[in-house]
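Open the model in your viewer and keep the selection tool at hand. Each stop below names what to select and then says what is there.

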2 protein chains.
Amino acid sequence: MSKRIAGPEIERLIQLLAKVPGLGPRSARRAALHLIKKKEQLLAPLSVAMADAVDKVRVCSTCGNVDTSDPCTICTDERRDRSLLIVVEDVSDLWALERSGAMNARYHVLGGTLSPLDGVGPDDLTIAKLVSRVAEGEVKEVILAVNATVEGQTTAHYITDQLSGLGARVTRLAHGVPVGGELDYLDEGTIAAALKSRTAF
Amino acid sequence: MSKRIAGPEIERLIQLLAKVPGLGPRSARRAALHLIKKKEQLLAPLSVAMADAVDKVRVCSTCGNVDTSDPCTICTDERRDRSLLIVVEDVSDLWALERSGAMNARYHVLGGTLSPLDGVGPDDLTIAKLVSRVAEGEVKEVILAVNATVEGQTTAHYITDQLSGLGARVTRLAHGVPVGGELDYLDEGTIAAALKSRTAF
């Protein structure tokens, strides 16, 4: 703002909100005003929820998920199949897989992908911990649910090498046409992969 | 989420973030994860800034602006021209006018527009307070900076009636081509208004 029109508290709130992904400088102002107008219904509960998260959220020392308990809710869930381990790049991928509700497995969050150009090597990811989890013998199948990018696939190959000889089957997600997707909008690589992996109708 | 995958604190944070304008359920999850990852740099300061705002932000009893002091920073600013009063619908309009830096005036926030269909009458807005501010005699010009909507214009006419006889000139914002705007994309009403109010080149 060109001149000082409000106390520093409001400007600080706007500045910090502008750093939240999905909000820019303009929408941060709109958000701040909305929060101030809904002080009791939204701003106060949100500030408490954030303070709570600051106090209580930690990274699970087993799988790398974020939760308020360590080991996390998923790692300690007795109803999950302990022979299945799904490897993901990031906690957001773990959440996406959980939303699908397709598997009742446990997870391992890598914390990124191998990327020599960005200086990310195996030691920057949780690969050593993954190997020692699998070496314990309980895991029978490791599903590599990394992104279908060059870095993701490079990481998948590296992990497969590291896990060889530990007795666990290593699998990866199928490539194909997204459910609800239109062929016209798909790239050639996906169409070729879907044709190659075609199934009986 | 289909099943419980994290402590209730994270889910509550996502639920509340989803109510912030500009964020939906999907971007709220992304924002929550980003905030949790940047716990010390962003989540903690934001929770403090919000708690601060809850404690300190109030509505200015003179003009209706939101600020941490009452009367607000603008109302108590001695360098502002006390003969000029700009009437706006909402605090967001006040902020927009201040960003333009074009006027060094004080403001009066109506809190909305007259809208009989929605049950908003003169008593639901701060019109009576506006009239008494102008009646004090210090204000020589009232600039009606209400939106160029039907409700805004109706409200402007009503206010003009209420202020008649108090000795202050009542003006409104000019209609015309937005700076940087292309004629091709403008509606006929705006073009007609810009032609009618054409100025010497």
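Select G152(B), T155(B), A156(B), I159(B) and L163(B): these residues of α6(B) are buried, where buried means under 20% relative accessible area, exposed means over 50% and partly exposed lies in between (1.4 Å probe, protein chains only). They sit on the same side of α6(B), because they cover an arc of only 105° around the axis; the arc is that of the directions from the helix axis to the C-beta atoms. Now add V150(B), H157(B) and D161(B), which are exposed on the other side of α6(B).

This is a predicted model, in which local features need pLDDT of at least 70 and side-chain atom pairs count only at pLDDT 80 or more, while totals for chains, interfaces and linings use all residues. Residues are numbered from 1 along each chain as its sequence is written, chains are lettered from A and ligands numbered from 1 in the order in which they are written, and side-chain values use heavy atoms, with hydrogens and water left out.

**The whole of α6(B)**

Select residues 150-163 of chain B to see helix α6, which has 14 residues. From its first C-alpha to its last it reaches 20 Å, close to the 20 Å expected at 1.5 Å a residue. The expected span is 1.5 Å times one less than the number of residues. Helices (H or I, at least four residues) and strands (E, at least two) are DSSP runs, numbered from the N terminus.

What covers the buried residues of α6(B)? Show β3 (84-88), α5 (127-135), β5 (141-144) and β6 (169-172) of chain B, which are among the elements that do so. Then step to G165(B), which follows α6(B) and has a positive phi, near 90°.

**Next, α5(B)**

Select I127(B), L130(B), R133(B) and V134(B), the buried residues of α5(B). Their arc around the axis is only 115°, which puts them on the same side of α5(B). The cover over these buried residues includes β3, β4 (106-109), β5 and α6 of chain B. So α5 is part of the cover of α6(B), and α6 is part of the cover of α5(B). After α5(B) comes G137(B), whose phi is positive, near 100°.

**A loop in chain A**

Move to chain A and select E138(A), in the loop between α5 (127-135) and β5 (141-144). E138(A) is partly exposed, with a relative accessible area of 38%. Which residues does E138(A) contact, leaving aside its neighbours within four places in sequence? Select R82(A), S83(A) and R106(A) to see them; contact means heavy atoms within 4.5 Å. For a distance check, take E138(A) and A156(A): they are 18 residues apart in sequence and 21 Å apart in space, C-alpha to C-alpha.

**Charged pairs inside a chain**

Side chains of opposite charge can pair when their charged atoms come close. A salt bridge is counted here when a side-chain nitrogen of Lys or Arg is within 4 Å of a carboxyl oxygen of Asp or Glu. The structure holds 18 of them over all chains.

Select R80(A) and D77(A), whose side chains meet in a salt bridge (3.3 Å, N to O). R80(A) counts as buried at 3% relative accessibility, and D77(A) is buried at 12%. Add R79(A) and E98(A): salt bridges that share partners join these two with D77(A) and R80(A) into one network. In chain B, D77(B) and R80(B) also meet in a salt bridge (3.2 Å, N to O), and both residues are buried.

**Where the two chains meet**

Show both chains. The contact takes 59 residues from chain A and 58 residues from chain B. The area buried between them is about 5,500 Å², of which carbon and sulfur atoms give 70%. Buried area is the accessible area (1.4 Å probe) that two parts lose on being put together, summed over both.

Four salt bridges are counted between chain A and chain B. Select E9(B) and K56(A), whose side chains meet in a salt bridge (3.6 Å, N to O). E9(B) lies in helix α1 (residues 8-17) of chain B and K56(A) in helix α3 (residues 39-56) of chain A, so the pair joins two chains. E9(B) counts as buried at 17% relative accessibility, whereas K56(A) counts as partly exposed at 34%. Then select K56(B) and E9(A), which also meet in a salt bridge (3.6 Å, N to O).

**Last stop: the axis**

Chain A can be laid on chain B with an RMSD of 0.0 Å by a turn of 180° and a shift of 0.0 Å along the axis. That is the relation of a two-fold axis. Copies are superposed by least squares on the C-alpha atoms of residues with pLDDT of at least 70 in both. Select S47(A) to finish: in chain A, its C-alpha is the nearest to the axis, 2.4 Å from it.
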